[in-house]
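Dear colleague,

I am passing on the structure below, together with notes on what was found in it. Please read the notes with the model open beside them.

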Amino acid sequence: MATNSTTSLSIQAFTTPRNISSLAVNVIEASKKLAAYTAVDQHIKPEHILNATFKIIGIGSGSTVPYVVDRIVQQGVEANKNRIFVPTGFQSKELIVSAGLTLGDVDQISAIDVTIDGADEVDKSLNCIKGGGACHLREKVIAEAASTFIVVADYRKNAEFLGTNWVPGVPIEVVPFAYAKVLRDLKALGSPNAVLRMAVKKASVFCTAAGPVVTDNGNFVIDAPFEREDMLDPAAVLKKIKLLTGVVEVGLFCNIVKAAYFGNADGSVTIRKADGTIEQLAASSS
């Protein structure tokens, strides 16, 4: 049974700006920052470098990850000089390089100490949907290579069941020549509304037609929504999809998250752990 504990978090609670639209954006961004900073403070500590020659750290993808890198950089040059950072994609690679951190490659590093990544949604058992940014193949490789896999997100991603707030469905990376066949298979598996993800931002005033999203690996992505009854057991859905010929990877991360950090609108942070415990870090009023 989940247990709760509350401690103080030395980050100021949010005030209310006049612009309501700006308020929503500001609160969400502040929530992401809270989650990322707290996770780094608890899992990537400067004293860790005293216990090993190198500290290998996986850096994930998504809108929360820049705050992860910011907090790591704030630890200083001395803390980071013997660390190697392994990215999950182009975005995180650029963040690592721009921050002046040492870039590593999973091709050369088989074991990672800790990986911190975002998520599109996390359920009560810490199963995740990932792949909104089409990086879930590399994200899963880096997650599974890590001794500790940590997820950071804002409060909107904290759900009892997958598919509650994330409505596009399960992201599925497929080889391009097999996408039509996989779409048919998915419809037969119980996802009649599965669709090939299109790169709408590729359209312009010169060309209104947008092609499909292409991953860093040169593959396509299918988004496959499933019924609530199916998503009560995401590991079973994952297994069924992975057995389809043409599927490269599935954006369901099951039974690998050690802890998930959610920044909340009131300035607090909720930490849900794999053992079922829930810790609440209260916002500081100072």
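In which strand is the place of Thr-115? Thr-115 belongs to strand 4, residues 112–117, where helices (H or I, at least four residues) and strands (E, at least two) are DSSP runs numbered from the N terminus. Thr-115 is buried, at a relative accessible area of 1%, with buried meaning under 20% relative accessible area, exposed over 50% and partly exposed in between (1.4 Å probe, protein chains only). Leaving aside residues up to four places away in sequence, Thr-115 touches Gly-58, Ile-142, Ala-146, Thr-148, Phe-149 and Ile-150, a contact being heavy atoms within 4.5 Å.

Before going further, some words on the basis of these notes. This is a predicted model, in which local features need pLDDT of at least 70 and side-chain atom pairs count only at pLDDT 80 or more, while totals for chains, interfaces and linings use all residues. Residues are numbered from 1 along each chain as its sequence is written, and side-chain values use heavy atoms, with hydrogens and water left out. The mean pLDDT (the predictor's confidence in each residue, from 0 to 100) is 88 for the protein, and 85% of its residues reach 70 or more. Over residues 5–20, however, the pLDDT is below 50, although this stretch has 39 contacts in the model beyond near neighbours in sequence. Where pLDDT is low, the predicted coordinates should not be read in detail.

Turning to the sheets, one open sheet has four strands in the order 9-10-8-11, with antiparallel pairing, two strands being paired if DSSP finds at least two bridges between them. Its edges are strand 9 (195–196) and strand 11 (247–250), each of which has a single partner strand, so one side of each is left without a neighbour in the sheet. Strand 9 pairs with strand 10 (residues 220–224) over two bridges in the antiparallel sense, and Leu-196 has Ile-222 of strand 10 as its bridge partner. Helix 6 (residues 179–189) packs on this sheet, touching strand 8 (170–174), strand 9, strand 10 and strand 11, and its direction makes about 15 degrees with that of strand 10; such angles run from 0 to 180 degrees between N-to-C directions, the axes being lines fitted to C-alpha atoms, for helices over the stretch in contact. Helix 8 (residues 234–242) also packs on the sheet, touching strand 8 and strand 11, at about 165 degrees to the direction of strand 11.

The largest nonpolar core (a set of buried Ala, Val, Leu, Ile, Met, Phe, Trp, Tyr and Cys residues joined through side-chain atoms within 4.5 Å) has 26 residues, and those with the most contacts inside it are Ile-59, Val-68, Ile-72, Ile-116 and Tyr-261. Helix 1 (20–43) is among the elements that each supply at least two residues of this core, and its six residues are the largest share. Apart from this core lies another, of 24 residues, including Val-182 and Leu-238.

Finally, the structure holds twelve salt bridges, each a side-chain nitrogen of Lys or Arg within 4 Å of a carboxyl oxygen of Asp or Glu. In one of them, Asp-117 is paired with Lys-130, the closest N and O atoms being 3.0 Å apart. Asp-117 lies in strand 4 and Lys-130 in the loop between strand 6 and helix 5 (136–144), so the pair ties together parts that are 13 residues apart in sequence. Asp-117 is buried at 0% relative accessibility, and Lys-130 is buried at 2%.

With kind regards
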